[in-house]
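Please look through the structure shown here, and then follow the questions and answers below.

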There are 2 protein chains.
Amino acid sequence: MPHDVFPRSEYESRVERTKERLHERDLDAIVVADPANMNYLAGYDGWSFYVHQAVVVTRDYPEPVWVGRDMDRNGARATTWLAEENMRAYSDDHVHSPYDLHPMDFLADVLEDLAVDAGRIGLEMDAAYFTAKSYTRLRSQLPNAEFVDADLLVNWLRIHKSDREIAYMEEAARISEEAMLAGLDAIEAGVPEYEAAAAIYDRLVRGTDEYGGDYPAIVPLMPSGDHTGTPHLTWTDREFEEGDPVLIELSGCRHRYHSPLARTTFVGDPPDAIEETADVVVEGIEAALDVVEPGVTCERVEREWRETIAQYGVEKEDRIGYSMGLGYPPDWGEHTASIRPGDETVMEEGMTFHMIPGLWEDEFGVELSETFRVTSTGAETLADFPRRLFTA
Amino acid sequence: MPHDVFPRSEYESRVERTKERLHERDLDAIVVADPANMNYLAGYDGWSFYVHQAVVVTRDYPEPVWVGRDMDRNGARATTWLAEENMRAYSDDHVHSPYDLHPMDFLADVLEDLAVDAGRIGLEMDAAYFTAKSYTRLRSQLPNAEFVDADLLVNWLRIHKSDREIAYMEEAARISEEAMLAGLDAIEAGVPEYEAAAAIYDRLVRGTDEYGGDYPAIVPLMPSGDHTGTPHLTWTDREFEEGDPVLIELSGCRHRYHSPLARTTFVGDPPDAIEETADVVVEGIEAALDVVEPGVTCERVEREWRETIAQYGVEKEDRIGYSMGLGYPPDWGEHTASIRPGDETVMEEGMTFHMIPGLWEDEFGVELSETFRVTSTGAETLADFPRRLFTA
């Protein structure tokens with residue numbers, strides 16, 4: 001069954017650009033272990049990243065080579081565009097092995113087959129799932145290779161989105177809107193947090209009337225009450241109470257492409273202070289979105305946010321956004337450009353960012369986000385959702 | 001806010017046993033990066049493992065030390081039992097940094113503070129999230145340290161469950177039963193896969209009438225039709241069709257403890273061949289469960305499965321199960337004992353395993369699993385769910 005998420009030509013162009021980077025950096029090959037990068041180049045899509053796997057691209061060999069567990073070879077057949085001989089699978093005794101076997105031993109053999117075992121090989125040194133052991137094992141297996149940190153090489157290609165990628169992110173945005181509505185509807189005093197999470201999840205997966213949703217790379221987060229200062233705690237059995245601020249951050253997902261969205265709601269009658277803070281956040285994010293256009297730097301956009309909120313006496317120097325799109329747990333971010341001081345990345349048409357600024361006072365926090373794409377003239381937000389403090 | 005998932009004494013006992021292992025292996029400290037191990041020792045529970053974080057245990061310092069991102073310090077305050085001075089947080093410019101800063105630079109300083117920077121330090125070399133870069137960076141920051149692979153040191157402690165851990169797994173089992181029912185109910189010809197996934201997810205998160213569910217470490221998997229040979233592909237927009245076998249594997253989760261469950265259903269009237277295969281799987285798993293008792297080895301249990309199915313002419317030598325419990329994405333397995341040939345781990349009372357054998361023919365697969373705990377006399381399955389082929 002051929003993969004049809006993108007036309008073959010789109011994958012080929014991604015591989016071509018990867019090979020150009022290899023050439024520029026004088027690398028003979030790269031071992032791609034980030035599941036999002038594996039998907040980007042080969043189309044591979046499965047929840048198998050709890051075992052070691054990779055896609056290898058060399059300068060000379062035409063296609064990428066998928067390397068994974070034998071049990072997942074059929075999954076590679078079903079989702080990648082690769083020829084049969086370019087799916088290489090190791091036996092199950094390599095998995096959590098008591099036999100001193102490691103998947104990287106097998107990968108080393110593949111690199112030998114591809115005649116790059118004495119070459120300069122790029123590794124994604126800081127990618128989740130490319131472990132310290134994978135590195136030391138590869139080194140000991142291939143003593144004649146020179147290993148080079150090529151972290152983010154493919155991620156930086158991903159920062160430019162094709163029309164089809166944007167279309168999937170727009171589909172994801174439709175799901176994000178529905179899921180945010182479901183979450184806002186579910187939250188009220190006396191309702192346990194997990195019920196709101198369930199309502200959001202149901203919508204994230206059920207999707208819209210036209211298509212379903214994929215699992216998001218990050219679970220819906222909704223710190224509430226005292227916990228608005230703990231952005232990465234997940235839902236509990238606690239019931240929402242009158243006077244709780246609740247920050248909801250979630251993302252719909254289509255074919256692994258995300259469009260995150262965050263809003264804040266308040267259970268009960270919001271005090272003036274939180275309304276005022278929300279107004280500042282809205283003004284700040286709108287000012288920052290207004291300066292986005294091709295040619296502007298990421299740090300410039302952050303500065304606009306910072307200067308806008310400074311008018312209200314708020315000083316805060318932070319990362320307020322990042323490039324994102326395709327992703328697997330634990331993260332939908334691309335780990336490349338950040339909207340923060342010192343990041344001189346120049347925005348270009350077709351890039352997509354999640355801008356998520358927030359302000360935290362002692363008693364509450366307000367967070368509000370937009371996923372946007374850079375158009376020829378400015379920023380276009382993917383979701384269409386009111387920018388204001390909600391009440392429950 | 002103190003952590004109350006386990007009494008403080010239970011955490012202290014875990015730390016004590018960790019220190020005994022450090023002593024046995026002549027280690028001065030261990031850097032624990034696996035989120036499940038971090039939770040096990042410190043109680044820390046947040047979706048923050050997309051940035052580098054760790055818990056450090058040394059032989060001499062009384063408490064573990066949590067090391068994470070500044071933004072997550074409040075989360076550590078809310079979920080760990082640690083004293084304020086034992087939560088050390090790095091600034092946000094270490095995150096996906098363009099400034100040549102890495103969280104391991106900060107961790108190296110912590111190790112210096114703890115006076116183990118010239119000691120023998122254990123690392124979880126093959127843990128997801130402990131990247132190659134984390135390793136090389138730590139090495140370059142601490143040239144006088146000796147680094148030792150201490151992978152799975154804490155995981156092997158986790159294999160013995162306390163009564164309270166078992167109680168959470170039993171709560172998770174109640175959720176697994178409900179979610180499996182919801183999935184079986186939802187599947188029928190003409191229903192898209194994502195609708196069944198949404199029904200399962202809703203129940204996984206909504207939980208039972210008494211308590212909610214946590215997010216599972218692995219999303220519900222339900223390969224169907226031609227895809228039953230692709231165990232790790234996730235749901236799509238495809239509609240179930242008459243004649244589809246569907247394998248459902250899912251797990252409820254409570255306080256990060258899992259109780260996975262798998263069953264097979266058939267859309268329409270099942271052919272005799274699949275009924276017969278299902279009977280063999282049921283007989284095989286029941287025979288294997290029957291030989292479980294304290295003192296028996298994992299390989300012995302696998303052999304019982306293999307010899308049972310061999311009576312029906314089926315030959316298959318595979319891993320059919322593994323130790324599990326506490327977990328975060330990407331995996332609920334503990335990566336220690338496996339029920340497979342060559343694994344001589346001796347089963348003891350209080351251990352918990354997921355036994356998940358399956359048989360695949362050309363046209364279909366049948367999978368059926370049980371999570372069980374080893375009691376003083378045998379195996380007790382956590383879920384109570386009919387063991388048979390279902391039809392939709």
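Q: Which residues line the largest cavity, and how do they divide into nonpolar, polar and charged?
A: The lining of the largest cavity, where lining residues have an atom within 4 Å of a point on a 1 Å grid at which a 1.4 Å probe fits but cannot get out, is made up of A:W47, A:Y201, A:Y215, A:P216, A:V219, A:P329, B:W47, B:Y201, B:P216, B:V219 and B:P329. This is a predicted model, in which local features need pLDDT of at least 70, side-chain atom pairs count only at pLDDT 80 or more, and totals for linings use all residues. Residues are numbered from 1 along each chain, chains are lettered from A in the order in which they are written, and side-chain values use heavy atoms without hydrogens or water. With Trp, Tyr, Pro and Val among the kinds that count as nonpolar, the lining divides into no charged, no polar and eleven nonpolar residues.

Q: Is B:N39 buried or exposed?
A: B:N39 sits in helix 2 of chain B, residues 35-42, a helix being a DSSP run (H or I) of at least four residues. Because its relative accessibility is 5%, and buried means under 20%, exposed over 50% and partly exposed in between with a 1.4 Å probe on protein chains only, B:N39 counts as buried.

Q: Which side chain is joined to that of B:N39 by a polar contact of 3.0 Å?
A: A polar contact is a pair of N or O atoms within 3.5 Å, one able to donate a hydrogen and the other to accept it. At 3.0 Å, the partner of the B:N39 side chain is the side chain of B:Y328.

Definitions and conventions: Helices (H or I, at least four residues) and strands (E, at least two) are DSSP runs, numbered from the N terminus. On a 1 Å grid over the protein atoms alone, a cavity is a set of points where a 1.4 Å probe fits but cannot get out, and a pocket is an open set with protein on both sides within 12 Å along at least five of seven lines; lining residues have an atom within 4 Å of a point.
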